[in-house]
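Me: Could you walk me through this one? I'd like to take it a question at a time.

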Amino acid sequence: MQTSPAAAAQATRSARESELRTQGQEQGREESAVPALIQVSGLQKTYQTARGTLTLFRDLNLQVEAGEMVAIVGQSGAGKSTLLHMLGALDTPSAGTVYCASTDVAKLSAREAAVFRNREIGYVWQFHYLLPEFSALENVAMPLLARGTAKREALAAAAKWLSEVGLADRSDHRPGELSGGEQQRVALARALVNNPRLLLADEPTGDLDETTAGRVFDLIERLHASHGLTSILVTHNLELAGRCTRALRLESGRLGPLA
Ligand code: ADP
């Protein structure tokens, strides 16, 4: 019997959550003590630049429970992308801890970080970063191929995902033969094809016109709900931020409620 991407994701997630509960029970914790999916404590981040030390965060804290859809807004240069990079094990904290999907990401080696990203994180950026010489189908299949899934199986899963984002009839198009909104849909399918627990999206609608941005956001909302995701979205769009379950502002190195 064929399993839908949504059902497969749900099954994987349930298995992992049960694993977590068992770990908690083994350590004498109650079920309610299952840790938040994201727990950032006392995060510091500095960069050494030619002009001296640039301190982005001195004591940043964030807790996100499984299933939340959190928007982060803030001025350009506030450190939103840097924060997402640290959650996604693309950058390391200078001090403090970043627990993400039950993993202390700062402690991962480069190889472990790559495996962690492939398994736990779906990442979308403002620009789609699809590979121009490959079809939409092949682009979506890439993360599966990277983890060693057989090509036939990877392409079959990619086809289901393309259909889930409404692009079954564009599977053989190359990125240059797709509209901006379609490219971002393909990028979303690629981000989620491995059934990650976490979706990190950095201005995912920032390069799209208002109507298309609204449609792509509708799709993100739908996928978030149907796949039991936990999502963090960086956006400049206050209206879209208001549609998330929680909206935070990053300012002067700290996160606070969006006023
Ligand atoms: P935002 O996403 O909120 O616009 P960023 O996280 O991209 O902000 O960047 C925050 C600040 O950190 C910026 O001033 C940027 O120039 C600086 N920055 C980002 N990455 C580096 C780096 N690798 N080295 C030095 N400075 C950096």
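Me: What percentage of the 259 residues of the protein count as buried?
Reply: Happy to start there, and keep in mind that this is a predicted model. A residue counts as buried when 20 or more other C-beta atoms lie within 10 Å of its own. Of the 259 residues of the protein, the share that passes is 39%.

Me: Which residues of helix 3 are buried, and why do they lie on the same side?
Reply: Helix 3 covers residues 110–120. An α-helix has 3.6 residues a turn, so residues three or four places apart point the same way. The buried ones span an arc of only 100 degrees around the axis, which puts them on the same side of helix 3. They are Ala113, Arg117 and Glu120.

Me: Which strands are included in what covers those buried residues of helix 3?
Reply: Good follow-up! The cover includes two stretches, 121–124 and 198–202. These are strand 6 and strand 7.

Me: Is helix 4 parallel or oblique to helix 5?
Reply: The axes of helix 4 (residues 136–146) and helix 5 (residues 151–164) come within 8 Å and cross at roughly 120 degrees. Angles from 65 to 115 degrees would count as roughly perpendicular, and those over 145 as roughly antiparallel. The crossing angle therefore makes helix 4, relative to helix 5, oblique.

Me: How many residues of the contact of helix 4 with helix 5 are nonpolar?
Reply: Helix 4 contributes residues including Leu137, Val140 and Leu144, while helix 5 brings Leu155, Trp161 and Leu162 among them. The contact has no polar residues and one charged. The nonpolar count is 13.

Notes
Residues numbered from 1 in each chain as written. Predicted model: local features only at pLDDT ≥ 70, side-chain atom pairs only at ≥ 80, totals over all residues. Buried ≥ 20, exposed ≤ 12 C-beta atoms within 10 Å, placed from the backbone. Helix = DSSP H or I, 4+ residues; strand = E, 2+ residues; numbered from the N terminus. Arc of directions from axis to C-beta. Contact = placed C-beta atoms within 7 Å. Axes fitted to C-alpha atoms, helices over the stretch in contact; angles between N-to-C directions. Parallel < 35°, antiparallel > 145°, perpendicular 65-115°, else oblique. Nonpolar A, V, L, I, M, F, W, Y, C, P; charged D, E, K, R; others polar.
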